[in-house]
2 protein chains.
Amino acid sequence: MRNRFDRQLMRLNQEMVDMGGLCEEMITAAAKVVATRDKELIHDIKGMEEEINHKERDIERICMKLLLQQQPVATDLRVISSALKMVSDMERIGDQASDIVGIVQKDSAVPAQMENTHLEKMSKATIDMVSRSVKAFVKENLGLAREVIEQDDLVDDLFSQVKKEVIEMIHNEPERGEECVAILMIAKYFERIGDHASNVAEWVEYAITGEYKGGSL
Amino acid sequence: MRNRFDRQLMRLNQEMVDMGGLCEEMITAAAKVVATRDKELIHDIKGMEEEINHKERDIERICMKLLLQQQPVATDLRVISSALKMVSDMERIGDQASDIVGIVQKDSAVPAQMENTHLEKMSKATIDMVSRSVKAFVKENLGLAREVIEQDDLVDDLFSQVKKEVIEMIHNEPERGEECVAILMIAKYFERIGDHASNVAEWVEYAITGEYKGGSL
């Protein structure tokens with residue numbers, strides 16, 4: 001029984017890694033679209049979103065099966081229920097990446113310069129957060145999960161800087177207002193991605209310690 | 001067999017009306033929080049979000065049951081698959097309302113004036129859109145669904161006006177930049193709520209006509 005359970009848990013881990021990988025890919029692609037308006041990539045992103053949604057359902061099914069058939073307790077129960085919560089946040093990350101693409105599509109003021117901007121740093125930090133939070137789950141690495149939670153402060157700081165820059169730019173060059181607003185909105189979505197990645201890490205922390213410190217909206 | 005099917009369809013309709021009602025309530029509450037920062041209301045909104053998430057699962061379960069047990073064809077099949085898509089959009093409306101509250105909580109520059117602003121008009125228009133799209137579904141009213149889809153242009157226009165006002169305000173009073181940015185972001189979320197309400201109406205159109213005209217990200 002235990003062996004079968006372990007096999008299913010391993011499959012769950014693999015699916016989580018895959019879904020995390022998809023999220024990273026999607027954030028990377030969304031950041032590229034901001035800089036390039038690449039139509040083919042926009043098309044790819046729609047496919048990735050569908051894939052993430054499917055993956056969410058698959059993982060939910062695995063978790064439900066594990067819960068119903070194995071009636072796990074203690075750590076195992078926490079791991080499975082954390083996985084269930086984590087996929088919701090990962091699915092939302094996919095949504096936010098889509099929303100970024102939506103802004104690019106609606107707003108001709110973009111493409112925006114990404115290279116060496118705070119916006120680019122935000123995208124890179126959030127990709128890193130997703131990657132490390134999933135790694136923390138699979139490796140049951142509490143330290144890593146906590147690092148991700150702290151990393152979210154960095155993303156928040158970067159967002160504050162983008163905000164300040166945008167406010168100054170609108171003040172000085174109001175004719176670039178539309179472009180500035182688009183950048184601001186895109187930055188806001190990256191900031192939300194950071195929130196969700198931090199939520200993922202909080203669920204990892206819960207899976208390992210039994211203490212859940214999250215709870216923000 | 002048909003009678004049982006009809007009873008289940010009626011239950012589905014009732015659940016859809018309930019979920020639509022929850023969305024309206026949540027948008028109303030979020031708009032109020034923007035104006036007041038009311039802590040009790042913020043607490044209530046968290047409860048509403050949970051309720052909407054549960055409702056989504058309930059409706060999904062009813063739809064799956066109908067699909068598996070009754071193997072419906074033609075219109076019935078379209079009605080059920082539309083309902084499945086509609087609830088995803090309604091759930092996203094709840095998320096966006098939560099995101100609005102998140103901005104208020106993070107940003108001390110809010111409360112913002114709502115009365116007689118374009119922002120207030122946005123909130124009212126989106127509440128109306130949700131209400132009418134669900135009505136269109138239950139009453140199978142194609143005209144009403146199409147009105148909702150058109151109404152989204154109004155919400156987009158209102159958002160453009162908020163954008164212009166905010167750009168001008170930041171240009172003239174950069175010291176109010178933070179407040180302006182918060183208003184802009186809140187407006188963006190209302191605009192997204194309008195998108196989702198319009199999606200709901202597009203699914204109603206599909207359920208009735210078999211033609212799906214949506215498909216934007």
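UniProt positions are given here in the numbering of the model, and annotations of this kind may be inferred rather than shown by experiment. With that reservation, the record, an unreviewed entry, places the feature "domain: PhoU" at residues 18–102 and 119–204 of chain A. The structure itself is a predicted model, and the features described below were computed from its atoms. Over residues 18–102 of chain A, the chain is 94% helix and 0% strand, and the end C-alpha atoms of this span lie 24 Å apart. For residues 119–204 of chain A the corresponding content is 93% helix and 0% strand, with the end C-alpha atoms 27 Å apart.

Helix α4 of chain A comprises residues 118–139, and because 22 residues at 1.5 Å a residue should span 32 Å, the separation of 31 Å between its end C-alpha atoms agrees with the expected value. Within this helix lies E120(A), whose side chain places a polar atom 2.8 Å from the backbone nitrogen of N116(A). When residues up to four places away in sequence are set aside, E120(A) touches M114(A) and E115(A). The residue that follows α4(A) is E140(A), and the phi angle of E140(A) is positive, near 50 degrees.

In chain B, helix α4 likewise covers residues 118–139, and R132(B) and D128(B) both lie in it, four residues apart, which corresponds to about one turn of the helix. These two residues form a salt bridge in which the closest N and O atoms are 3.5 Å apart. R132(B) has a relative accessibility of 21% and therefore counts as partly exposed, and D128(B), with a relative accessible area of 32%, is also partly exposed.

A buried position in chain B is provided by A83(B), which is located in helix α3, residues 74–106. Because its relative accessibility is 0%, A83(B) counts as buried, the cut-off for that class being under 20%. Leaving out residues up to four places away in sequence, the contacts of A83(B) are with L12(B), M16(B), C63(B) and F137(B). A83(B) is also separated from F5(B) by 78 residues in sequence, whereas the C-alpha atoms of the two residues are 15 Å apart in space.

The two chains meet in an interface in which 32 residues of chain A are in contact with 33 residues of chain B. The size of an interface is often given as the accessible area lost when the parts come together. Between chain A and chain B the buried area is about 2900 Å², and carbon and sulfur atoms give 56% of that area. The polar component includes 15 residue pairs in polar contact, counted with both residues at pLDDT 80 or more. On the chain A side, α2 (39–70), α3 (74–106), α5 (142–172) and α6 (177–209) each supply at least two of the residues that touch chain B. The largest share of that side, ten residues, comes from α6(A).

Side chains of opposite charge can pair when their charged atoms come close. Over all chains the count comes to 42 salt bridges, and 14 salt bridges are found across the interface of chain A and chain B. One of the pairs involving both chains is formed by D95(A) and R92(B), with the closest N and O atoms 3.2 Å apart. Another salt bridge is made by the side chains of K106(A) and E191(B), at 2.4 Å from N to O. K106(A) lies in helix α3 of chain A and E191(B) in helix α6 of chain B, residues 177–209, so this pair joins two chains. E191(B) counts as buried because its relative accessibility is 2%.

A further salt bridge, at 3.3 Å from N to O, is formed by the side chains of E178(B) and K163(A). Since E178(B) belongs to helix α6 of chain B and K163(A) to helix α5 of chain A, this pair also joins two chains. The two partners fall into separate classes of accessibility: E178(B) is partly exposed, with a relative accessible area of 34%, whereas K163(A) is buried, with a relative accessible area of 8%.

How values were computed:
Residues numbered from 1 in each chain as written. Chains lettered and ligands numbered in written order. Predicted model: local features only at pLDDT ≥ 70, side-chain atom pairs only at ≥ 80, totals over all residues. Heavy atoms only, no water. Buried < 20%, exposed > 50% of the residue type's maximum accessible area, 1.4 Å probe, protein only. Contact = heavy atoms within 4.5 Å. Expected span 1.5 Å × (residues − 1). Polar contact = N/O pair within 3.5 Å; in protein donor to acceptor, adjacent residues only side chain to side chain. Buried area = accessible area lost by both parts, 1.4 Å probe. Salt bridge = Lys/Arg side-chain N within 4 Å of Asp/Glu carboxyl O.
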